[in-house]
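Visitor: Please give me a close look at one annotated part of this model, with its side-chain pairs, its backbone and the cut-offs behind each term.

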Amino acid sequence: MKLLWQCSELLLDPENPRDFNQALMDLGATLCTPKAPECSRCPWMAHCQAYQLQMQADLPMRETSSPLPHKQIGVAVIWNDQGEILIDRRRQEGLLGGLWEFPGGKIEPGETVSDCIHREIREELAIAVEVGAKLMTLEHAYTHFRVTLTVHHCRHIAGEPQALESDEVRWVRLDEIDQFPFPKANVKIIEALRQSPNSSFKP
Ligand code: SF4
């Protein structure tokens, strides 16, 4: 920053700094545009370092943004025999803390979606499920990563659900699920469930 101040003091006319700034802005707006500088018409050409080094097409340099990390997630819509769905409330700390969601998790290398759902549900809820038909696949982007959610209908087979990795678990009916706040990506799952008539476990 100090170096920039020193440079600007060298360049600027101490009595008419406004003229210098205006001329610079005019040059940038008319001739020295970022995509197509018109050097042949430019009054500054004889002094321009970029022109002399033939770098005018490469400036200004931009940081190339690296693609966002991408996670594949298996998600379970778990039905019980009463036609209710199992949801869990995320822990308060961390991303989307305190919101409700359909259980699931990251698909590990070498796992199928079904393998992932079986493992995640066992680890998170200590229950066994049968993985049935796919409900949907959806993409969602967060600030620092993006996810692909592959959502399957599942049937509860055995075990009392426990909140091993969440704050709370609950069986809910589809017509009361709006009482619980869900993240945006999960809201799309609820919409899909609503649009599929007689929604329930599909083998
Ligand atoms: S000569 Fe330099 S200042 Fe003029 S248009 Fe070309 S790059 Fe821009």
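Guide: What follows treats the annotated stretch, then its salt bridges, and then two places in its loops.

This is a predicted model, in which local features need pLDDT of at least 70 and side-chain atom pairs count only at pLDDT 80 or more, whereas totals for chains, interfaces and linings use all residues. Residues are numbered from 1 along each chain as its sequence is written, and side-chain values use heavy atoms, with hydrogens and water left out.

According to an unreviewed UniProt entry, residues 68-195 carry the annotation "domain: Nudix hydrolase"; UniProt positions are given in the numbering used here, feature names are shortened, and such annotations may be inferred rather than shown by experiment. Across residues 68-195 the chain is 41% strand and 20% helix, and the C-alpha atoms at the two ends stand 31 Å apart. Helices and strands here are DSSP runs numbered from the N terminus (H or I over at least four residues for a helix, E over at least two for a strand).

For the charged pairs, a salt bridge is taken as a side-chain nitrogen of Lys or Arg within 4 Å of a carboxyl oxygen of Asp or Glu, and by this rule the count comes to 11. One of these salt bridges is formed by glutamate 168 and arginine 89, whose closest N and O atoms are 2.9 Å apart. Because glutamate 168 belongs to strand β7 (residues 168-172) and arginine 89 to strand β2 (residues 85-89), the pair ties together parts that are 79 residues apart in sequence. To describe how open each partner is, relative accessible area is used, with buried meaning under 20%, exposed over 50% and partly exposed in between (1.4 Å probe, protein chains only). On that scale arginine 89 is buried at 19%, while glutamate 168, at 23%, is partly exposed.

A salt bridge also joins the side chains of glutamate 111 and arginine 119, with an N to O distance of 2.5 Å. Arginine 119 is buried, its relative accessibility being 14%. This pair is part of a network of salt bridges that links Glu111, Arg119, Glu120 and Glu123.

Towards the end of the annotated stretch, aspartate 178 and arginine 194 meet in a salt bridge at 3.3 Å, N to O. The pair links distant parts of the chain, 16 residues apart, with aspartate 178 in the loop between β7 and α5 (184-195) and arginine 194 in helix α5. Aspartate 178 is exposed, with a relative accessible area of 57%, and arginine 194 is partly exposed at 40%.

Turning to the loops, phenylalanine 145 is found between β5 (128-141) and β6 (146-158). Its relative accessible area of 16% makes phenylalanine 145 buried. The C-alpha atom of phenylalanine 145 is 5.8 Å from that of histidine 70, although the two residues are 75 residues apart along the chain.

The second place is alanine 126, which lies in the loop between α4 (113-125) and β5. Alanine 126 is not a glycine, yet its phi is positive, at about 60°. With a relative accessibility of 30%, alanine 126 counts as partly exposed.
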